[in-house]
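Work through these short exercises with the sequence and the model side by side. Try each task before reading its solution.

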Amino acid sequence: MDYAALIIFIPTCFFISITPGMCMTLALTLGMTIGVRRTMWMMYGELLGVAVVAVAAVLGVAALMLKFPAIFSIFKIVGALYLAYLAVQMWLSKGKMAISHNREVTQTASRKGLFLQGFITAIANPKGWAFMISLLPPFINPENPIAVQLTFLVAIILVSEFICMMLYATGGKSLGLLLAKAENVRLMNRISGTLMMGVALWLALG
C-alpha cells in the first residue's frame with residue numbers, strides 16, 4: 001500500500017463514518033433503547049453490509065446496480081417499512097425495542113433481527129454504494145495485488161465504522177439513562193421512535 005495515500009484515506013474514512021447517517025442514527029437509537037451490548041448485533045450486520053458494498057464497488061458490481069435502481073427498490077422498501085414499523089412500536093412504548101415503564105430494557109429483540117436490520121440498512125443505502133464507488137478505486141493500485149489492497153482498505157473502513165457506531169450507541173445509552181432517571185420513559189420511546197422513523201424515511205427517499 002502507498003503510505004502517502006493511506007495518510008489521506010484514514011482520516012477521510014473516519015470523517016465520513018462519524019458524520020450522522022442512517023447507520024449512525026440507528027446505533028444512537030438502539031443504544032438508547034436496548035443498550036450498547038445488544039446494539040452490537042446490529043453493528044455486526046452493518047459491518048458485513050458495508051464490506052459487501054465495498055468489495056462490490058471495487059469489482060464493478062455497484063456500477064451495474066446503480067444503472068438499474070430497481071434492484072435497490074426491494075431492499076429499500078422492505079427495509080424502510082420494517083424500520084417504520086419499529087418506529088411506531090417505539091412511539092407507542094410497545095414492541096421489542098421500547099423501554100418498559102418500569103425502566104427495564106426489553107430484551108426480546110432477537111440477535112438475528114438486529115443483525116439483519118443492520119445488514120439491510122447498509123446494503124439498501126444507494127449513497128453508500130455511490131460513496132464506495134467514488135472513494136475506493138482511486139486508492140487501488142492496479143500494479144499491485146488487488147485482493148491484498150482491498151482487504152487492507154476494507155479493514156480500515158470497518159474499524160472506522162465500528163468505532164463511530166460505538167460512540168453513537170454509547171451516547172444513546174447515556175441519553176437513555178438520563179431520560180429514565182427523569183422518569184420520562186415515554187418521552188425516550190418517542191424520541192427513539194422519531195429517530196427510527198427518520199432512518200426509515202431516509203432509507204426510502206435516499
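**Exercise 1.** Find which helices each supply at least two residues of the lining of the largest pocket.

Solution. Start at the N terminus: α1 (3-18), α2 (22-33) and α3 (36-59) are among them. Then add α6 (111-123), α7 (126-135) and α8 (146-181). Helices here are DSSP runs (H or I, at least four residues), numbered from the N terminus. The largest share, four residues, comes from α7. The model is predicted: local features need pLDDT of at least 70, side-chain atom pairs count only at pLDDT 80 or more, and totals for chains, interfaces and linings use all residues. Residues are numbered from 1 along each chain as its sequence is written, and side-chain values use heavy atoms, without hydrogens and water.

**Exercise 2.** State how many residues of α2 are buried (under 20% relative accessible area, 1.4 Å probe, protein chains only).

Solution. Count along the helix: α2 has twelve residues. Eleven of the twelve are buried. Among them are M22, C23 and M24. Next, check the span: α2 reaches 17 Å from first C-alpha to last, close to the 16 Å expected at 1.5 Å a residue. That expected span is 1.5 Å times one less than the number of residues. Just after α2, G35 takes a positive phi of about 95°.

**Exercise 3.** Explain why C164 is in no disulfide (a pair of cysteine sulfur atoms within 2.5 Å).

Solution. Look for the closest cysteine sulfur: that of C13. The distance is 8.1 Å, so it is too far for a bond. The structure holds zero disulfides. Now check burial. C13 has a relative accessible area of 3% and is buried. C164 is buried too, at 0%.

Conventions
Buried means under 20% relative accessible area, exposed over 50%, partly exposed in between (1.4 Å probe, protein chains only). A disulfide is a pair of cysteine sulfur atoms within 2.5 Å.
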